[in-house]
Amino acid sequence: MSRQNRVIFTRKMRRDYKILMPMMLPIHFTLLQRVLKRAGYDLVLLENDGNRVVETGLRFVHNDTCYPALLVVGQMLDALQNGGYDPDKTALLMSQTGGGCRASNYIHLIRKAIAKAGFAKVPVISANLSGMEKNPGFSITLRVLRKAIAALVYGDMLMLLANQTRPYEVVAGTADLLVQSWQNRLIKQFDSGKGLGGKPLAANLEAIASDFDAVEIVMAPKVKVGIVGEIYVKYSKLANNDLEGFLASQDCEVMVPGVLSFMIFSVDHRIEDHSLYGGNPFKRLLAVWLKKMFLKLEANMLTVLRRYPHFTAPSPFSHLKELAEGIIGYGNKMGEGWLLTAEMLELISLGYGNIVCAQPFGCLPNHISGKGMIHKLHAMHPNSNIVAIDYDPSATRVNQENRIKLMLAVGREALDCAPVSGGAAAQAQAARA
Ligand code: SF4
């Protein structure tokens, strides 16, 4: 189906259509769903999984398509075929980054696949900030955008603190219950138009940190593992075979870089592109405005975290950019680009030198800035322990987990050799006592 013939999502559809979107980050997306609901969109987060999703993807896209694209197409089609949704009242939502990688072109693959499967009348909406495609029934105003971004910041904060609390909690499940209770509180606030900007946001972030700080914990040395990689495979349980769950089962503490730094990275290179190649001045202004807002939110979050020094705070974007300088060129901006390398360097500096770099099949950009950089990083930091894990339709979970177990064995050995009294765990326990 050509771009001109695409099914437009109209204002009328907005009133009674369900909009299906793949789940990626459960905490973040649950909050985002609420923000969009308040803006008048009946968003459904797809969580269908299993072999049928992969098989459907393989049947409807070419087998050299990158794994995230294959999964997204498979999940959406599986939902249309087996999810009980009325095709006359259902639309699909897909983000279009506007960058040079395939993420900008997923949407055409989805349209082709659903037409082939007999769902040509289902509109596919593009969520983008680059004016790539427009639909009269789906417009994100700056106000809604600000709220959506605030929801993602809450997601980053909750994910970070839960990951640093869960492995040490005295009563199992406390951190997850706290996440749940904060999600409910925030949703209640969103429903009454509160909690999404300025002071209320700062107050909520402070209260979240304070609540996690009050959880009773017992510190013990654990292998600390960072997760990096292509954004979808890094975060999505469907794509990475529940990597976080697996690492938890191996008694590890996990650090997953938040989504805010990726958003700053995306607008940062838009601004850079504009100064190098010119372009629409309005788009530049929007990128500058967004960057300013993202940096402010980042500063809010880091200010709160600094008051709780026993939690490991992520580095500000400016520092991430410095870390990459001279190691990988800033021109690497497809996919996660230089940010992926910078995140590995950051994790090493924060004490999470055991790293799983999640690599999807068919993803050239991240093979360069992820797997392609491991040798160099190891030469710079001989104690780093990075393993690149391939995710593709034919890779078996057991094989992936066995390779991670080997990496963890090295991590455990290093932990056993670490001085008993000087560990971060001991310091944290003392600080929290
Ligand atoms: S970054 Fe890689 S995996 Fe992600 S959409 Fe682009 S090509 Fe595909």
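**Sheet and helix packing in the predicted model**

Helix α5 (residues 106-116) lies across strands β3 and β4, and its direction makes an angle of about 175 degrees with that of β4. The model is predicted, and the description below starts from the sheet on which α5 lies.

Four strands form this open sheet, in the order β2-β1-β3-β4, with parallel pairing. Its edge strands are β2 (42-46) and β4, each of which pairs on one side only. On average, neighbouring strands of the sheet are turned by 35 degrees against each other, direction ignored.

The pairings can be followed across the sheet from β2. Strands β1 and β2 run parallel and are joined by five bridges; in this pairing Ile19 stands opposite Leu43 of β2. Strand β1 (residues 18-22) also pairs with β3 in the parallel sense, here over three bridges, and Leu20 has Leu92 of β3 as its bridge partner. Strand β3 is joined in turn to β4 (residues 124-127) by four bridges, again with the strands running parallel. Met94 stands opposite Ser126 of β4. Strand β3 (residues 90-95) is mostly covered, with five of its six residues buried.

A helix pair was also examined. The axes of α3 (residues 51-60) and α4 (residues 67-82) come within 7 Å and cross at roughly 105 degrees. An angle of 65 to 115 degrees counts as roughly perpendicular, so α3 is roughly perpendicular to α4. On the α3 side, the contact is made by Arg52, Val53, Val54, Thr56, Gly57, Leu58 and Phe60. On the α4 side, the contributing residues are Tyr67, Leu70, Leu71, Gly74, Gln75, Leu77, Asp78, Gln81 and Asn82. By class, the contact of α3 with α4 comprises eight nonpolar, six polar and two charged residues.

Further along the chain, helix α14 (residues 317-324) has Phe317, Leu320 and Ala324 as its buried residues. These residues lie on the same side of α14, because they cover an arc of only 55 degrees around the axis. Among the elements that cover the buried residues of α14 are α12 (260-277), α13 (281-306) and α15 (337-349). Just after α14, Gly326 adopts a positive phi of about 80 degrees.

Terms used
Residues are numbered from 1 along each chain as its sequence is written. This is a predicted model: local features need pLDDT of at least 70, side-chain atom pairs count only at pLDDT 80 or more; totals for chains, interfaces and linings use all residues. Side-chain values use heavy atoms; hydrogens and water are left out. Buried means under 20% relative accessible area, exposed over 50%, partly exposed in between (1.4 Å probe, protein chains only). Helices (H or I, at least four residues) and strands (E, at least two) are DSSP runs, numbered from the N terminus. The arc is that of the directions from the helix axis to the C-beta atoms. Contact means heavy atoms within 4.5 Å. Axes are lines fitted to C-alpha atoms, for helices over the stretch in contact, and angles run from 0 to 180 degrees between N-to-C directions. Angles under 35 degrees count as roughly parallel, over 145 as roughly antiparallel, 65 to 115 as roughly perpendicular and the rest as oblique. Ala, Val, Leu, Ile, Met, Phe, Trp, Tyr, Cys and Pro count as nonpolar, Asp, Glu, Lys and Arg as charged, and the others, Gly among them, as polar. Two strands pair if DSSP finds at least two bridges between them.
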